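Reader: I am in my first year and would like a close look at one part of this structure, namely the salt bridges. Could you take me through them slowly, pair by pair?

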Amino acid sequence: MKFSLTNFLLPLALTSILSACMGSSESAKSLPMQSDFDPPPVAAIQASAFSEHGYQRTDNYYWLQDKTDPRVIDYLEKENSYTSMVMARTEDLQKKLLAEIRSRNSSSFTEAP
């Protein structure tokens, strides 16, 4: 095989870039994993059968549509709490992204085009 500088440098450069992206630093190793959190809330399965247009279907989560049901409210509050807990470390990034999105949108948009 003939030696080529490109054949030598390209894999070296890719390896360097990948190792930098993988974050071999201590801060990258301390990022929480999904397994570090309690399991997310799981909605109860309550099968509801429907017959429409000659077809039968079952919706296991139909009960979640009733926004006045205390069980639905409780489940949604648990889900929101879990999301807040898991996403807490990204709050600064979320604010930064939202500010950037707002800065790129014209404030004169008041309705759909």
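Author: What follows is a walk through the salt bridges and the accessibility of the side chains that form them. The model is a predicted one, and the count in it comes to four salt bridges, among them the pairs Arg57 with Glu52, Arg71 with Asp69 and Lys78 with Asp74.

Let us begin with Arg57 and Glu52, whose side chains meet in a salt bridge with 3.3 Å from N to O; this counts as a salt bridge because the cut-off is within 4 Å. Arg57 has a relative accessibility of 38% and so counts as partly exposed, and Glu52, with a relative accessible area of 37%, is partly exposed as well.

The pair of Arg71 and Asp69 has its closest N and O atoms 2.8 Å apart. Here Arg71 is partly exposed, at 41% relative accessibility, whereas Asp69 has a relative accessible area of 12% and is therefore buried, because buried means under 20%.

In the pair of Lys78 and Asp74, the closest N and O atoms of the salt bridge are 3.4 Å apart. Both residues belong to helix 3, which covers residues 70-87, and because Lys78 and Asp74 are four residues apart in this helix, about one helical turn separates them. As for accessibility, Lys78 counts as partly exposed at 47%, and Asp74, with a relative accessible area of 35%, is partly exposed too.

Methods: Residues numbered from 1 in each chain as written. Predicted model: local features only at pLDDT ≥ 70, side-chain atom pairs only at ≥ 80, totals over all residues. Heavy atoms only, no water. Buried < 20%, exposed > 50% of the residue type's maximum accessible area, 1.4 Å probe, protein only. Helix = DSSP H or I, 4+ residues; strand = E, 2+ residues; numbered from the N terminus.
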